[in-house]
Amino acid sequence: MRAESGANANPIISHVVNSAIAYTDALTAYYGGRVDQKDHAAAVKALRDVLGNRLPNAQQKRLNRILRRKDEAQYGARHAPLSRGLELLNELKEFAGWAEAAIRES
């Protein structure tokens, strides 16, 4: 089933957020031997701690933009527009591409 223009994009955003967390966990596990399973708000800091300067600022900002939507998408009462879901999906594609390349190239 495809989402239509008036559809609630919160389920899409929730999957995007969870995927970004999974990529972050993969990176922190691969490079630092640890995974943060409790505080997803600290995921960006954990990634920076593990990667240091190997984490590009653009990717850090991208991850922050995605993770900021977690509570709103998963627990909020308002419907998110499909355009926001698609925007975050594109952000995830960029982050995922970088993350996969970072693991492949090491």
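Student: Which element has the lowest mean pLDDT, and which the highest?
Tutor: This is a predicted model. Among the elements of the protein, helix α3 has the highest mean pLDDT, at 97, and α4 the lowest, at 92.

Student: And what is the mean pLDDT of the protein?
Tutor: The mean is 92, and 97% of the residues reach 70 or more.

Student: Why ask about low pLDDT at all?
Tutor: Predicted coordinates should not be read in detail where pLDDT is low.

Student: Let us turn to charges. How many salt bridges are found in the whole structure?
Tutor: The search finds 6 salt bridges. One of them joins the side chains of R65 and E91, with an N to O distance of 3.0 Å.

Student: Where do R65 and E91 lie in the chain?
Tutor: R65 belongs to helix α3, residues 57–67, and E91 to helix α5, residues 82–104. The two residues are 26 residues apart, and the pair links distant parts of the chain.

Student: Is R65 buried or partly exposed? And E91, buried or exposed?
Tutor: R65 counts as partly exposed because its relative accessibility is 29%. E91 has a relative accessibility of 13%, so E91 counts as buried; the cut-off for buried is under 20%.

Student: What does E72 pair with?
Tutor: The side chain of E72 meets that of R69 in a salt bridge, at 3.4 Å from N to O. E72 also forms a salt bridge with R84, where the closest N and O atoms are 3.0 Å apart. E72 lies in helix α4, residues 70–75, and R84 in helix α5, so this second pair ties together parts that are 12 residues apart in sequence.

Student: How accessible are E72, R69 and R84?
Tutor: E72 is partly exposed, at 33% relative accessibility. R69 is partly exposed too, with a relative accessible area of 26%, and R84 counts as partly exposed at 24%.

Student: Which residues form a network of salt bridges?
Tutor: R34, K45 and D49 are linked in such a network.

Student: New topic: the interior. Which residues have the most contacts inside the largest nonpolar core?
Tutor: That core has 24 residues, and those with the most contacts inside it are I13, L27, L47, L63, I66, L67 and W98. The elements that give two or more residues to this core are α1, α2 (43–51), α3 and α5.

Student: What does L47 touch?
Tutor: Not counting residues up to four places away in sequence, L47 touches T24, L27, T28, G52, L55, L63 and F95.

Student: T24 is on that list. Where is T24 placed, and is T24 buried or exposed?
Tutor: T24 is in helix α1, residues 10–32. T24 counts as buried because its relative accessibility is 2%.

Student: What lies around T24?
Tutor: A polar atom of the T24 side chain lies 2.8 Å from the backbone oxygen of A20. Leaving aside neighbours within four places in sequence, T24 is in contact with A43, L47, L63 and F95.

Student: One last residue, I12. Where is I12 found, and is I12 buried or partly exposed?
Tutor: I12 is also in helix α1. Its relative accessible area is 27%, so I12 counts as partly exposed.

Student: How are I12 and A80 separated?
Tutor: Their C-alpha atoms are separated by 9.5 Å, while I12 and A80 are 68 residues apart along the chain.

Technical notes: Residues are numbered from 1 along each chain as its sequence is written. This is a predicted model: local features need pLDDT of at least 70, side-chain atom pairs count only at pLDDT 80 or more; totals for chains, interfaces and linings use all residues. Side-chain values use heavy atoms; hydrogens and water are left out. A salt bridge is a side-chain nitrogen of Lys or Arg within 4 Å of a carboxyl oxygen of Asp or Glu. Helices (H or I, at least four residues) and strands (E, at least two) are DSSP runs, numbered from the N terminus. Buried means under 20% relative accessible area, exposed over 50%, partly exposed in between (1.4 Å probe, protein chains only). pLDDT is the predictor's confidence in each residue, from 0 to 100. A polar contact is a pair of N or O atoms within 3.5 Å; within protein, one must be able to donate a hydrogen and the other to accept it, and residues adjacent in sequence count only if both atoms are side-chain atoms. Contact means heavy atoms within 4.5 Å. A nonpolar core is a set of buried Ala, Val, Leu, Ile, Met, Phe, Trp, Tyr and Cys residues joined through side-chain atoms within 4.5 Å.
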